[in-house]
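Me: I'd like to learn how to read a structure like this one, step by step. Could you walk me through it?

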Amino acid sequence: MARFPYTAEVTPTIFEKSSAGRTGTVVPEGDVDTPGVEELIPAAHLRASPPRLPEIPENEVVRHYTQLSLKNHHVDRALYPLGSCTMKYNPKVNEATARTAGFVGLHPFMPQAGAQGALELMYDLTVWLAEIAGMEAVTLQPAAGAQGEMTGVLLMRSYHESRGDGETRTKVLFPDSAHGTNPATAAMAGFDAVELPSDAAGRVDIEALREALDDGVAGMMLTNPNTLGKFESDIIEICDLVHEAGGLMYMDGANLNALMGVARPGDMGYDIVHFNLHKTMSTPHGGGGPGSGPVAVKSHLAPFLPVPRVVRNDDGSFGLEWDRPESFGKLHGFYGNFGVMVRAWTYMRMLGRQGIRGTAEASVLNNAYLTSLLETHYELPFGRGMHESVFSASEIKKRTGVKTMDIAKRLLDFGFHAPTVYFPLNVPEALMTEPTETETKESLERYAEACIAIANEAESDPERVTTAPHDTPLRRLDEGRAARELDLRWTFESED
Amino acid sequence: MSEIPDGLKYTEEHEYVRETDSENEFLVGVTDYAQGELGDVVFVELPAAGDTFGRMDVFGTIEAVKAVSDLFSPLTGEIVAINEALGEDPALVNSDPYGEGWMVRIRATDPSEIDGLLSAADYAEHVDA
């Protein structure tokens with residue numbers, strides 16, 4: 001099989017490439033008298049020596065970073081099946097609109113009259129996201145998914161406080177397959193996080209839910225489809241039960257890519273949902289962020305949303321509204337990560353209503369095809385998921401000693417990033433695989449071929465797998481030591 | 001296969017309990033199987049001497065490259081010492097789980113609880129299941 005070539009050698013750091021006096025541009029001496037920096041800045045704030053910036057000609061700088069990018073794995077290079085992360089291709093038109101001069105130069109203190117285009121874009125986005133959610137109001141402020149969750153849980157608190165239940169409703173429920181951020185968020189907001197077991201099919205155990213529900217429950221956080229990729233087919237009953245107990249339903253929108261345009265969280269009974277624009281709406285993430293985690297709510301929770309709210313005025317202009325006395329406050333500097341909103345707006349506008357739905361359908365179809373190629377080679381403890389499937393290497397490990405981590409490392413030799421490994425926690429030796437809708441049939445087949453070759457290799461030559469990777473510039477890294485003795489700072493020789 | 005020494009007691013959550021020379025005092029750590037499943041341990045969060053725990057209360061956490069897991073107290077009692085060496089070198093849990101990788105020394109308030117723990121044979125069966 002053709003392998004994706006990595007540049008073989010280890011790239012020196014940019015500091016090591018520096019040579020005194022080299023430069024990309026020559027700036028002539030100024031012929032205007034200007035005060036020295038000493039006259040402009042108090043001595044206490046001046047550094048004693050100039051910073052040791054690398055001195056390198058422009059082409060060498062470009063080559064340096066191009067080489068580094070070739071060693072990296074990214075969606076512009078090949079399929080990136082990181083389950084639950086929705087590593088879809090990020091269309092370049094998103095970057096073009098985000099770099100529009102008017103948006104790039106816009107200052108957050110610009111009077112609203114001078115920022116109508118930006119406000120209209122934000123307003124559009126709230127309307128479109130509300131439509132996908134099947135809910136009435138949206139805040140764009142949260143910086144990413146975890147802050148979206150925080151918003152959701154703070155909304156629960158504000159809601160119960162407004163009804164006089166704030167003191168007694170102290171519990172937030174979540175299933176054992178949940179992302180760790182769900183219980184962490186509930187705990188950070190001062191709630192007790194209560195874990196519920198999943199049933200044999202990997203879904204919420206309704207009986208366990210009934211037992212956990214009482215008037216101390218503030219709400220439940222539930223991803224749908226859940227972290228095993230399974231649609232919570234009892235979702236209407238789950239929402240009814242939680243509502244009857246006086247709680248609110250929060251949907252973690254991590255897996256919305258499987259549902260958008262097809263089924264609306266609001267219709268299922270959810271009260272709150274967050275979006276990961278950096279997953280579902282194709283804005284860059286995984287080192288290329290920042291993220292954006294808007295939150296949609298039904299109208300009974302709208303008064304508590306963070307300020308300012310983006311509104312359309314009676315005269316058709318757009319504005320920011322601060323006078324919301326029941327709001328729980330402010331969540332993010334200014335209005336959220338605006339550049340990400342421009343990219344998401346562009347993506348949604350390019351797709352349109354049909355395209356949004358088609359995206360969800362193709363993400364499920366792609367995963368169904370990939371799963372059909374792999375399911376005879378890897379176990380699938382909970383069966384095929386919607387947009388992602390969680391495979392397990394348990395049997396391979398028992399037979400051959402090859403672990404999921406070894407398979408993940410071996411995939412690098414084939415030019416692929418690994419799936420999410422060892423998560424969710426209720427699947428041992430998990431390989432959580434999400435191909436996304438942006439892969440062609442051939443791309444899915446190439447990935448499946450690599451996975452199957454590795455499964456065969458585990459039987460015939462296990463050592464080849466347990467010692468992987470072989471073809472990368474560096475071999476197996478000591479991840480334990482990297483975590484224990486993290487050191488990312490370059491030390492100049494003269495500092496030794 | 002992971003090592004499961006006879007003479008120790010075990011929990012289903014993969015802690016072991018070792019008797020000491022002092023009456024009612026026990027050393028607690030995680031098993032060889034547990035460290036193998038976790039992979040490289042990068043941090044162990046332990047309680048302070050004097051803290052008390054009920055049986056199967058969470059007494060600390062263990063962080064590996066793969067995941068963070070809770071540590072459960074096999075017995076009801078008071079922590080009389082912790083393994084300070086793990087602060088400097090958490091990898092001792094990987095290299096010598098039953099020796100230098102011990103975690104806490106606990107004074108049991110109800111030593112009869114030890115009878116409720118798994119024997120080496122029971123634990124081997126539990127791990128194999």
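Me: Let me start small: which residue is the bridge partner of Leu173(A) in strand 3 of chain A?

Reply: Happy to help! Keep in mind that this is a predicted model. The partner of Leu173(A) is Val194(A). That pair belongs to a wider pattern: strand 2 (residues 171-175) and strand 3 of chain A run parallel and are joined by 5 bridges.

Me: How many strands form the sheet in chain A, and in what order?

Reply: To read a sheet, follow the strands from one side to the other, and don't expect them to come in sequence order. Here 7 strands form an open sheet in chain A, in the order 1-7-6-5-4-2-3, with mixed pairing. Its edge strands are strand 1 (137-139) and strand 3 (192-196) of chain A, each pairing on one side only. From one strand to the next, the twist averages 20 degrees.

Me: Which strands does helix 7 of chain A touch?

Reply: Helix 7 (residues 181-188) of chain A packs on that sheet and touches strand 2, strand 3 and strand 4 (217-221) of chain A. Its direction makes about 155 degrees with that of strand 3 of chain A.

Me: Next, two helices. At what angle do the axes of helix 6 and helix 7 of chain A cross?

Reply: For a pair of helices, look at the distance between the axes, then the angle, then the handedness. The axes of helix 6 (residues 145-162) and helix 7 of chain A come within 9 Å and cross at roughly 50 degrees. That angle makes helix 6 of chain A oblique to helix 7 of chain A. Their crossing is right-handed. On the helix 6 side of chain A, Ala146(A), Glu149(A), Met150(A) and Val153(A) take part, meeting Thr181(A), Asn182(A), Thr185(A), Ala186(A) and Met188(A) of helix 7 of chain A. By class, that contact has 5 nonpolar, 3 polar and 1 charged residues.

Me: Let me try another pair. Is the crossing of helix 5 and helix 12 of chain A left-handed or right-handed?

Reply: It is left-handed. The axes of helix 5 (residues 116-133) and helix 12 (residues 338-374) of chain A come within 10 Å, crossing at roughly 50 degrees. Helix 5 of chain A is therefore oblique to helix 12 of chain A. Among the residues making the contact are Leu121(A) and Trp128(A) of helix 5 of chain A, along with Trp345(A) and Met348(A) of helix 12 of chain A. The class count here is 13 nonpolar, no polar and 1 charged.

Me: Now for chain B. Why is one side of strand 1 and of strand 5 of chain B left without a neighbour in the sheet?

Reply: Start with the strand order again: 6 strands of chain B form an open sheet, 1-2-3-9-8-5, and the pairing is antiparallel. Strand 1 (9-10) and strand 5 (52-53) of chain B stand at the edges with a single partner strand each, so one side of each has no neighbour in the sheet. Strand 5 of chain B is joined by 2 bridges to strand 8 (residues 77-82) of chain B, running antiparallel to it. There, Thr52(B) stands opposite Glu78(B) of strand 8 of chain B.

Me: And where the chains meet, how many residues of chain A are in contact with chain B?

Reply: To read an interface, count the residues on each side, then ask which elements supply them. In this model, 7 residues of chain A are in contact with 8 residues of chain B. Helix 17 (residues 479-484) of chain A gives the most to the chain A side, with 4 residues. By class, that side has 4 nonpolar, 1 polar and 2 charged residues.

Technical notes. Residues numbered from 1 in each chain as written. Chains lettered and ligands numbered in written order. Predicted model: local features only at pLDDT ≥ 70, side-chain atom pairs only at ≥ 80, totals over all residues. Contact = placed C-beta atoms within 7 Å. Nonpolar A, V, L, I, M, F, W, Y, C, P; charged D, E, K, R; others polar. Axes fitted to C-alpha atoms, helices over the stretch in contact; angles between N-to-C directions. Parallel < 35°, antiparallel > 145°, perpendicular 65-115°, else oblique. Left-handed = near helix turned anticlockwise from the far one by under 90°. Pairing = 2+ DSSP bridges.
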